[in-house]
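Trainee: I would like a close look at a single part of this model. Please start from one residue and work outward.

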Amino acid sequence: MTALNKKLVRDLWRMRGQLVTVALVVACGIATYVTMRGSYESIANAQREYYAKYRFADVFASLKRAPNSLEASIAAIPGVSRVQTRIVVEVTLDVPGLQEPGLGRLVSIPERGVPDLNDLCLRRGRNIEPGRRDEVLVSEAFAKANQLDVGATIGAVINGRWEPLRIVGIALSPEYVYEIRGAEVFPDNRRFGVFWMSREALGPAFNMEGGFNDVSISLSPGGSEAEVISRLDNLMEPYGGLGAYGRYDQISNRFLSDEIVQDRITGIFIPAIFLAVAAFLIHVVLSRLVHTQRSAIGLLKAFGFGNTSVALHYLGFALAAVLLGTLLGVPLGIWLGRGLSRLYQDFFRFPELRFAPTLDMIVSAVAISGAAACFGALSALRSVSALPPAEAMRPESPARFRPGIAERLGLQRFVSLSARMILRNLERRPWKAALSILGLACAGAILIVGFYFYDAIEYLVRVEFQSAAREDVGITFNEPHGSSARFSVERLPGVLRAEPFRAVPARLRFQHRSRRVGILGLSDDRDLRRIVDQHLRVIGLPPEGIVLSQSLAGILGVSPGDTITIEVLEGQRPVRRIIVAGTVEDLIGTSAYMDIGALNRLMREGETVSGAFLSVDPLAAPGLYSFLKKTPAVSGVNVREAMLQSFRNTIAQSLNLSTGALISFACVIAFGIVYNGALIALSERAHELASLRVLGFTRTEIGWMLLGEQAILAGVSIPMGFLMGYGICGLLVYSMQSELYRMPLVISGRTYAFAFITIALASAISGVLIAQKLRNLDLVAVLKARE
Amino acid sequence: MPDTVFHVRKVSKVYRMGEVEVHALRGVNLELFPGEFVVLLGPSGSGKSTLLNILGGLDVPTSGEVYYLDHNLTTAEPAELTRYRREHVGFVFQFYNLIPSLTALENTALVTEIAENPLDPLECLRLVGLEERLNHFPAQMSGGEQQRVAIARAIAKRPEVLLCDEPTGALDYPTGKLVLEVLERVNRELGTITVVITHNVVIAEMADRVIRISSGEIVDIHKNEKKMAPSALTW
């Protein structure tokens, strides 16, 4: 080892506290990069491979019923490569251990061979056997949530009768990577499952023999999706077509793709913050090191070492931090990435989702950190090169100060001398102070963002589950019923109040834009289900006209007063024009609301209802549920409390991991900045502080003089961090808003308090560590030594 | 005989420097009296700084006893020593050790914040002849000016004893003389016991007593029959 390298090793050992804090920040940068980039790549690859291997379709459509002969016409559409027709129905399930009925989606598969499109990945058990009509494959998410294994049976209402379904296999489908029902946002795998069964069994049971009600299409290379969708809609129009859509609107794919995009964005954004902080810390630490070693630098140069080799020697500190950061960060990133993958598997079901960071990715993580470190070291290294040997060996001239802001404002009388010292020290290096504040503010902002998700979820719960949906149970009929159904529902056991609703699938059209939605007709004396915007305002429904989600109005490009076209996709499929009466800033989905009477008139039907929202006597609820399980006319039952519970469970799991990681990382930043800032201040001012000790100041008094600077930096940074955090949350809200859901921009006082306490605590701990070092000040040495 | 302010009895100090024991002081006996101006003379390594540190409460002897009035400095806890320095001792360093971020006036005022019965900082600066430089920062002053600020700072809390370690060591001849004049004036006008460490034999002529130290022992205590004025000194 050369003498210069020995010096480097010893310097590093001497500065190990600083080295470790900088390395930890680098490690966070590398770890978040490896975790997020790795997750992004693994999930994007898994999606690509899954879709290709299991032939995920490109275009999807549902219809009321069409004869099998239509399949040939569909296949003849230019651009269509393959066609898979199916029977898809939803049935009431008797889930073991669950009082309320669950919902099963039965999807037909050929008895022999495999589906042409949307093939299944058999995880366990076997495929269904020809002729065994009660055999089903069940989706893995549902099986896991309900602890069902091969051989178990589950009851379902088929053709008005309870039929046992025998599970022979557990499977995954590319159609249900994210397995949710209808227009919900979060999966409830306990109450919703997908079952695949023989077409020969499903056909007769649901009056679909010789026909189908669902079609998937793959496009040939160069086939136009829009063209195919338009022709398919025309073909299916007479058969009750509900409107075809592409992969983009396929609900599972949509959630998955949104997640992948978010991963890519956060995978750049979060590591960048850490690496910027690391660069800043390297800058301050190295600048100080160069400063204290001026004479050593002069000596080295006087001995004939070139600028480059001396600069490289000091660059060694930065590179050592990167090396240490890599050694910590890569395993940490892989560990967190694996945890994240396991978490993903609860939401997204893939045949294989392995977090497999590639060597390329790790090399690039290290290279990016190295570049950030070199960038941070740049100005210190430049000053090393610029220092002439003779100059370097002379002591530096004393620090220059000038009257501070207090004097310029004429406030010096009110500012104590020690406070003046602190302020002038800060003012002497405004950039360093500003960057320290910025770095600490980043830490605060990261905390705000981490906790924000809890706030957003809580608020979402308040709006959606407590203000808008206040029913205990929502039931959906298997087909629209006349007004008498209203009274039947009211007479159900345990029902205290019932509010009917009418749901109509329709395509809304304005100029060239259109969107498939369900129009929800609500009764005018509603109390159980209200329309509530994101400011918790209850929105009224006019007697005529339609009220749209603001997101839907945006998609269609309409505003209140415009007239849109409604193409109803059921029954007589009337086409009507209707005025947009208002918009509502809601948080979930793209909704369209009407007064139920107005919707009935639009449909030219009587007092038809699709289901009802119920308020239920809790004691009588079990009786109601078992009654509903046996009522074939009821195809869906939603229990609000159960949905809320499952929602909270799923969310809590995923948030705890990410928030936990964010909190620790923010602490690393805050700690790194305050610790290094105070340590450098201590080294710069050791002489001054020791003199004060000699003059009779106590350790506590000089402790405040030293740490006051850091306290001010932390104090100023906290409100800035709040602002930055709010801004970043605003950006997140903006960038994450989708048709599926919008995040509300609400940050609770508790979040601010948590962030404040965390930053204050991290700062205080590093302050205490530095204060300990004040014990070791050599008072005697200052009498003799020139600084 | 005036009352004794400092009693130093059989004080020895042994430092461990790695494997070696260094005997900085060997059985020193000394008394200091109110208002006297004492010069400690001795070559480098003779132990004069160690003695000054012990008198100033920065260090404690290995054996022997040191009393300041009725305070036993030998057995005092660090916090007691801090209080002792705070209440009774003024220090002047060779390299001034001013706070670079404070002006002359502020440097002087700083110690008055922790003193019970301080002098007016402005008065102190007048006493050292710096009333024109009140609002200058250390970097804007010459070495002599900085040292005079250091003296003003040291006396501002009205200490009973002023300990000066080579106060002219870093200064040129005329500036050094100016600083000595200030020390003499402080001693005369405020009656502060002043102990000055120096290599410079000539400075001894302005002292009441001259104490020579060599190899950790006091080899001679000489009382000047006639003190010279600093302005009359030449070297």
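In which helix of chain A is the place of A:Ile712?

Mentor: A:Ile712 sits in helix 20 of chain A. Helices (H or I, at least four residues) and strands (E, at least two) are DSSP runs, counted from the N terminus. Residue numbers start at 1 in each chain as its sequence is written, and chains are lettered from A and ligands numbered from 1 in the order written. The model is predicted: local features need pLDDT of at least 70, side-chain atom pairs need pLDDT 80 or more, totals for chains, interfaces and linings use all residues, and side-chain values use heavy atoms, without hydrogens or water.

Now the surroundings. A patch takes residues with over 30% relative accessible area and no salt bridge; like charges are joined within 9 Å, nonpolar side chains (Val, Leu, Ile, Met, Phe, Trp, Tyr) within 5 Å. Accessible areas follow Shrake-Rupley with a 1.4 Å probe, and for residues only the protein chains shown count as cover. A salt bridge puts a side-chain nitrogen of Lys or Arg within 4 Å of a carboxyl oxygen of Asp or Glu. A:Ile712 joins A:Leu435, A:Leu438, A:Val716 and A:Met720 in a nonpolar surface patch of about 350 Å². Helix 14 (430-468) and helix 20 (699-736) of chain A each give two or more residues to this patch. Helix 20 supplies the largest share, 3 residues.

Next, the chain partner. Contact (heavy atoms within 4.5 Å) links 28 residues of chain B with 32 of chain A. The two chains bury about 2900 Å² between them, 62% of it on carbon and sulfur atoms. That area is the accessible area (1.4 Å probe) lost on putting two parts together, summed over both. There are 3 salt bridges between chain B and chain A. In one, A:Arg424 meets B:Glu106 at 2.5 Å, N to O. On the chain B side, helix 1 (48-55), helix 2 (78-88) and helix 3 (104-112) each give two or more residues. Helix 3 of chain B gives the most, with 4 residues.
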